[in-house]
Amino acid sequence: MLKAIKNLVLVLLVAVIFLAVSAIADNVEANRQFQAGLKKMKAENYGGAVSRFEAAKLYADDPVLKANALKQIANCYGKQGLKYKEFNAVESLLDSYPTQIKYGDMVRRQFRLADDFFAGHRDPAFPVLAWIPWLKDKNRTIEMYEKSLANGPYAKAAPEARLRLGRLYINADLPDDAMKTLRQVVKMYPKTEASKYASLELANVLVQLSRKGDGDGAHAKEASLVLREFIKKHPKDPEIGWVKKSQVEVDNAIAQRWYDWARFYHRQIGRAHV
């Protein structure tokens with residue numbers, strides 16, 4: 001029994017030594033690939049550098065080395081103007097190595113990249129054919145704002161980013177997502193300019209939906225509340241004319257709905273007495 005225990009301890013010791021040696025060897029190779037990547041970066045061969053840094057990240061056992069390789073991958077994509085690829089590299093850093101980076105700086109970088117897409121940037125569909133201007137990848141702005149806001153919901157750029165996201169949902173004909181997002185702007189950032197404009201956008205969506213047929217009247221009721229609150233907070237706003245006109249419209253719609261219900265029940269009661 002004692003001999004079996006000794007043999008087991010010996011096997012475990014050998015395994016530990018083997019794993020330690022393997023880890024050292026892997027980190028040596030990771031460092032070699034990392035240095036090769038730096039040389040390619042210096043030569044402005046950014047595509048080749050990415051391949052080397054990817055290899056370094058794969059070989060590395062040390063999380064610091066993995067994070068550093070991923071940082072350089074993001075840098076390389078940035079140098080090539082591949083903003084969506086850079087964004088995803090930053091997202092991986094935030095997700096997998098939050099303690100190895102300046103988290104706030106990385107979140108701010110994500111917001112700036114999303115803003116670039118909002119302003120019209122699109123990555124090339126095929127980087128090797130980047131010189132053909134019309135071969136562009138699809139619009140990633142909504143995805144990028146969603147992820148940026150998940151990582152930094154109260155970052156300095158968040159109020160404007162969330163407002164922009166709400167407008168993008170409106171343009172994409174996603175009213176439910178738009179209303180949810182615009183409500184968040186009003187609730188989360190109440191003292192900002194973004195909150196004021198979100199109230200206007202939300203009221204406009206609600207008014208439009210109430211015109212299409214409001215079911216239980218929920219859209220008109222919420223629109224009325226949003227518009228009244230806007231008038232209370234911003235009585236001298238340039239949009240106040242539209243706000244007051246819309247207020248009258250939704251209040252009339254609510255009143256008409258109550259009138260129609262009253263007539264319906266009056267007829268029902270009359271029939272019951274016949």
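In this predicted model, Tyr154 has a relative accessibility of 60% and therefore counts as exposed, the cut-off being over 50%. Its ring forms an aromatic pair with that of Tyr189. Tyr189, in contrast, has a relative accessible area of 5%, which is under the 20% limit, so Tyr189 is buried. The two rings meet edge-to-face, with 6.0 Å from centre to centre and 70 degrees between their planes. Tyr154 sits in the loop between α6 (141-151) and α7 (158-171), while Tyr189 sits in the loop between α8 and α9; the pair therefore ties together parts that lie 35 residues apart in sequence.

Tyr189 also leads to another residue, Leu149, with which it is in contact. Leu149 belongs to helix α6 and is buried, its relative accessible area being 5%. Apart from neighbours within four places in sequence, Leu149 touches Phe111, Ala158, Ala161, Arg162 and Leu165 as well as Tyr189. For one of these partners, Arg162, the C-alpha atom is 7.3 Å from that of Leu149, although 13 residues separate the two along the chain.

The loop that holds Tyr189 runs between α8 and α9, and these two helices pack against each other. Helix α8 covers residues 175-188 and helix α9 covers residues 193-211. Their axes are 8 Å apart and make an angle of about 150 degrees. Angles over 145 degrees count as roughly antiparallel, so this description applies to α8 and α9. Their crossing is left-handed. On the α8 side, the contact is made by Pro175, Met179, Leu182, Arg183, Val185 and Val186. Helix α9 contributes Ala194, Ser195, Ala198, Ser199, Glu201, Leu202, Val205, Leu206 and Leu209. Sorted by class, the residues in this contact are 11 nonpolar, 2 polar and 2 charged.

Returning to aromatic rings, the model has 3 aromatic pairs. Besides the tyrosine pair already described, one of them is formed by Phe34 and Phe53. This pair is edge-to-face, with the ring centres 5.2 Å apart and the planes at 65 degrees to each other. Phe34 is in helix α1 (residues 2-42) and Phe53 in helix α2 (residues 46-59), so that the pair links distant parts of the chain, 19 residues apart. Both Phe34 and Phe53 are buried.

Notes. Residues numbered from 1 in each chain as written. Predicted model: local features only at pLDDT ≥ 70, side-chain atom pairs only at ≥ 80, totals over all residues. Heavy atoms only, no water. Axes fitted to C-alpha atoms, helices over the stretch in contact; angles between N-to-C directions. Helix = DSSP H or I, 4+ residues; strand = E, 2+ residues; numbered from the N terminus. Parallel < 35°, antiparallel > 145°, perpendicular 65-115°, else oblique. Left-handed = near helix turned anticlockwise from the far one by under 90°. Contact = heavy atoms within 4.5 Å. Nonpolar A, V, L, I, M, F, W, Y, C, P; charged D, E, K, R; others polar. Phe/Tyr/Trp six-rings, centres within 6.5 Å; stacked < 30°, edge-to-face > 60°. Buried < 20%, exposed > 50% of the residue type's maximum accessible area, 1.4 Å probe, protein only.
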